[in-house]
Each structure stands twice: as C-alpha cells, then as structure tokens.
Amino acid sequence: MHISEGVLTPEILAAGAVLAVAGAAIGLKKTRSRDIPAMGILSAAFFVASLIHIPVGPVSAHLVLNGLLGLVLGWRAFPAILTGVMLQALLFQFGGITAIGVNAVNMALPAIVCFLVFKKGARPESSPRLFMATAFACGFFSVLLSAALIALSLSLAGDAFVPAAKVAAVAHFPLMVIEGVITSACAMFLRKTKPELLGGGA
C-alpha cells in the first residue's frame, strides 16, 4: 500500500500533500478530547499491521485495517492514518518521505468513503447478519478502493508504471477478503463489548 520514493511526479505529490492536510484538518476539527485514546490505539494498530509487508514492484502489500478505522473513527480516521503513515516512513522507510501525503490519502480516503456508505448498516442496533455483512464489506471495499487509488497514482506517474499498477491492483485481491474477515470480527467484538465506539463517533 506504500508507494516508494522517486516514483510519482511532483504534481501528484503536491496534490496528495494538499489532500492529506485537508483531510487531517477535517478529522481534527471533529475530534473531541475523549476521542483521542481510541484514535491512538487504532493508529497504533494501523502502524503495527504494516510491519509484515510483501514488496510488489514499486509498492508493498500488507494488512491495512483502514475499513476498521473508518467504522470506528469516521472522519477522525484521516489524522490517525496520516500519523501512522508518517511513522512508517520515518522509522521503517515504508514508502517515501515525499509520498507521505499520497500514501495517506490512498489509505484514508477509502476509510472515509466506506464509513459514509456503510455506517447505517454497521450500527450496533442492526441485525447481527446485516452488521457482520456490512462490516465485511467495509473492510473489503476499503482495500479495493485503496488498491484502485494506488493503481491510479502509478498510472498518472507515466506509462512505464502502468504494468506495475496492474500488478499492484491484482496482488491486493486476497488481502481484500482477509481485511473483510478481520474487520467483521473486530466490529462484532466491539458490538458486544463497546458498542458506543461504533458509528464514527456519531
């Protein structure tokens, strides 16, 4: 999910940085002091999930958990993911320093989109079957959208990266299913133990 240094054009890097700052600003504006512990824990989970990664050309494939962050944090997932991406790049050189903005957008924007689309079905009062299916869809499609954004970013960087974009998109299909299962399992656990955490802080 991380694009390496020196791959993207300055225009794409600048656009990613602007979008990342804007998304983080919206998320921070919606953050209350009582939200910070959950944001910290989920940002840490997002950070740790990337420690086992498989290089796929100019990108890497690994667990993302952005669907879970979207369900729990809503818009606040943006600054949480941006923090995780920054630490990954600075501490472990996952992705490039200049690509932090693009990498953050590629993972945080799908989390927000899936939160907005699936938040009604993922409410604690929903039926167990609907809740589980919705949580699975949130995990699955968040990775699908992230893979699509990565492929788009690489394609815009030049024709030479189009084959790599296709490989990166295909390589993430097994991960989509795994993320769906993990997201639904975590969401079901929260539904039983801390239902107030679900719904993006609504």
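Which residues gather in a patch of positive charge on the surface? In this predicted model, the patch is formed by Lys29, Lys30, Lys119, Lys120 and Arg123. One of its members, Lys119, is found in the loop that runs between α5 (100–118) and α6 (128–156). Lys119 has a relative accessibility of 32% and therefore counts as partly exposed, the range for that class lying between 20% and 50%.

The loop between α5 and α6 also holds Ala122. In contrast to the partly exposed Lys119, Ala122 has a relative accessible area of 4% and is therefore buried, as the limit for a buried residue is under 20%. When neighbours within four places in sequence are left aside, the contacts of Ala122 are with Leu71, Phe131, Thr134 and Leu198. Two of these partners, Phe131 and Thr134, fall within the residue range of α6 (128–156). A further relation links Ala122 to Cys138: the two residues are 16 residues apart along the chain, and their C-alpha atoms are separated by 9.0 Å.

A second surface feature is nonpolar. Val48, Leu51, Met86, Leu87, Leu90, Leu91, Phe92 and Ile97 together make a nonpolar surface patch of about 710 Å². The most is given by helix α4 (residues 77–92), which supplies five residues to this patch. Val48, another member of the patch, lies instead in helix α2 (residues 36–49). With a relative accessible area of 49%, Val48 is classed as partly exposed, because exposed requires a value over 50%.

Backbone geometry draws attention to Leu65. This residue is not a glycine, yet its phi is positive, at about 65 degrees. Leu65 is placed in the loop between β2 (59–61) and α3 (66–73). The relative accessible area of Leu65 is 11%, so this loop residue is buried.

A buried position is also found within a helix. Ser184 lies in helix α8, which comprises residues 173–193. Because its relative accessibility is 9%, Ser184 counts as buried. Apart from neighbours within four places in sequence, Ser184 is in contact with Met132, Ala135 and Phe136. These partners have residue numbers that fall within the range of α6 (128–156), the helix that follows the loop holding Ala122.

Technical notes:
Residues numbered from 1 in each chain as written. Predicted model: local features only at pLDDT ≥ 70, side-chain atom pairs only at ≥ 80, totals over all residues. Heavy atoms only, no water. Patch = residues over 30% accessible without salt bridge, like charges linked within 9 Å, V, L, I, M, F, W, Y side chains within 5 Å. Areas by Shrake-Rupley, 256 points an atom, 1.4 Å probe, with all protein chains shown as cover. Salt bridge = Lys/Arg side-chain N within 4 Å of Asp/Glu carboxyl O. Lys, Arg positive; Asp, Glu negative; His and termini not counted. Charge placed at Lys NZ, Arg CZ, Asp CG, Glu CD. Helix = DSSP H or I, 4+ residues; strand = E, 2+ residues; numbered from the N terminus. Buried < 20%, exposed > 50% of the residue type's maximum accessible area, 1.4 Å probe, protein only. Contact = heavy atoms within 4.5 Å.
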